[in-house]
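Let's take a walk through this protein together, pausing at a handful of side chains along the way. Keep the model open beside you as you read.

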Amino acid sequence: VTHSIPACMGSMAINGKQLDNESPVSIFAVNKCYETVQEGTFFDGSGFAALVREGYKVRSDVNITLEFRTTAVHGVLLGVSSAKVDAIGLEIVHGKVLFHVNNGAGRITVTYEPRGTNSLCDGKWHKLQANKSKHRISLIIDGNLVHTDNPYIQSTSADTNNPIYVGGYPADVKQNCLTSKSSFRGCLRNLVLTKGQHTELFDFSRAFDLRGVFPHSCPGAEH
């Protein structure tokens, strides 16, 4: 077995001697245990998860669905970029959700603005769906649809070739369709990317780089 166990451990003793797990000699990817826990992945606001090391190709169509829960009004949700300008990005800025797409001709943004500034950042689960179909883009939050006109109708393909960064991205990585540098703090679950007939559910424990991200468990309430 080469991977860690997604679980909580406590009161460990060897030969009757209690181990002190409060001050370990070294520690890696170990978080606190929560009294109440929910399914999902916890992002502590300091890092990101990197998926698809070989690069994700958005091209003409992609449908992204996920659920998020946060009390922060800023945070990167997801970004896929390229070495050029082509990219897509999802982020929370001032309590609004923004979906940016650049097919090469220029960045287009669709914005979901809730009625109250903090209504999406209330610590409750919210459903998000972001859709790019050629030059058309739309966003559905909790069943509410918003879309925007795209003047660049000839440009239809986002030729991305970089990993999918979720919840943030490294300082040395360029993201052409994100305005925020704030890492997401909160919980995400059920991240699914669909292209045509191909649907992929992403398991964060399989990310090739995880920083400040704890798969499989979400604190029941903010701690």
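**Charged pairs, rings and a cavity**

In this predicted model, K96 and E113 bring their side chains together in a salt bridge, at 3.8 Å from N to O. The two partners come from distant parts of the chain: K96 sits in strand β8 (residues 96-102), while E113 belongs to the loop between β9 (107-112) and β10 (126-133), 17 residues apart. K96 counts as partly exposed because its relative accessibility is 28%. E113, with a relative accessible area of 55%, is exposed.

Side chains of opposite charge can pair when their charged atoms come close. The structure holds four such salt bridges. Another of them joins E67 and R189, whose closest N and O atoms are 3.1 Å apart. This pair also links distant parts of the chain, with E67 in strand β5 and R189 in strand β14 (residues 185-195), 122 residues apart. E67 has a relative accessible area of 11%, so this residue is buried. R189 reaches 21% and is therefore partly exposed, given that buried means under 20%. A further salt bridge is the one where the side chains of D203 and R206 meet, at 4.0 Å from N to O. Here D203 is partly exposed at 33% relative accessibility, and R206 is exposed at 71%.

Let's go back to strand β5 (residues 61-70), which also contains R69. Is R69 buried or exposed? With a relative accessibility of 6%, R69 counts as buried. What does its side chain reach? One contact is with the backbone oxygen of G123, at 3.4 Å. Another is with the backbone oxygen of P219, which lies 2.8 Å from a polar atom of the R69 side chain.

Next come the rings. The structure holds four aromatic pairs. In one of them, F42 and F214 have ring centres 6.5 Å apart and planes at 25°, so the pair is stacked. Because F42 lies in strand β4 (residues 41-51) and F214 in strand β16 (residues 209-214), the pair ties together parts that are 172 residues apart in sequence. Both F42 and F214 are buried. F48 and Y165 are arranged edge-to-face, with 5.8 Å from centre to centre and 75° between the planes. F48 is in strand β4 and Y165 in strand β13 (residues 164-166), so this pair ties together parts 117 residues apart in sequence. F48 is buried, with a relative accessible area of 3%, and Y165 is buried too, at 9%. Elsewhere, F43, F184 and F204 form one aromatic cluster.

What about empty space inside? There is one cavity of 30 Å³ or more, and the largest cavity holds about 40 Å³ of space. Which residues line the largest cavity? They are V101, N103, A105, G106, I108, N150, Y152 and S155. By class, this lining has four nonpolar, four polar and no charged residues.

Our last stop is E35, in the loop between β2 (17-18) and β3 (37-38). At 81% relative accessibility, E35 counts as exposed. If you would like a distance to check on screen, try E35 and P163: their C-alpha atoms are separated by 34 Å, and the two residues are 128 residues apart along the chain.

Definitions and conventions
Residues numbered from 1 in each chain as written. Predicted model: local features only at pLDDT ≥ 70, side-chain atom pairs only at ≥ 80, totals over all residues. Heavy atoms only, no water. Helix = DSSP H or I, 4+ residues; strand = E, 2+ residues; numbered from the N terminus. Buried < 20%, exposed > 50% of the residue type's maximum accessible area, 1.4 Å probe, protein only. Polar contact = N/O pair within 3.5 Å; in protein donor to acceptor, adjacent residues only side chain to side chain. 1 Å grid on protein atoms, 1.4 Å probe; cavity = no way out; pocket = protein on both sides within 12 Å on 5 of 7 lines; lining within 4 Å. Points joined across faces, edges and corners; volume = space filled by probe spheres on them. Nonpolar A, V, L, I, M, F, W, Y, C, P; charged D, E, K, R; others polar. Phe/Tyr/Trp six-rings, centres within 6.5 Å; stacked < 30°, edge-to-face > 60°.
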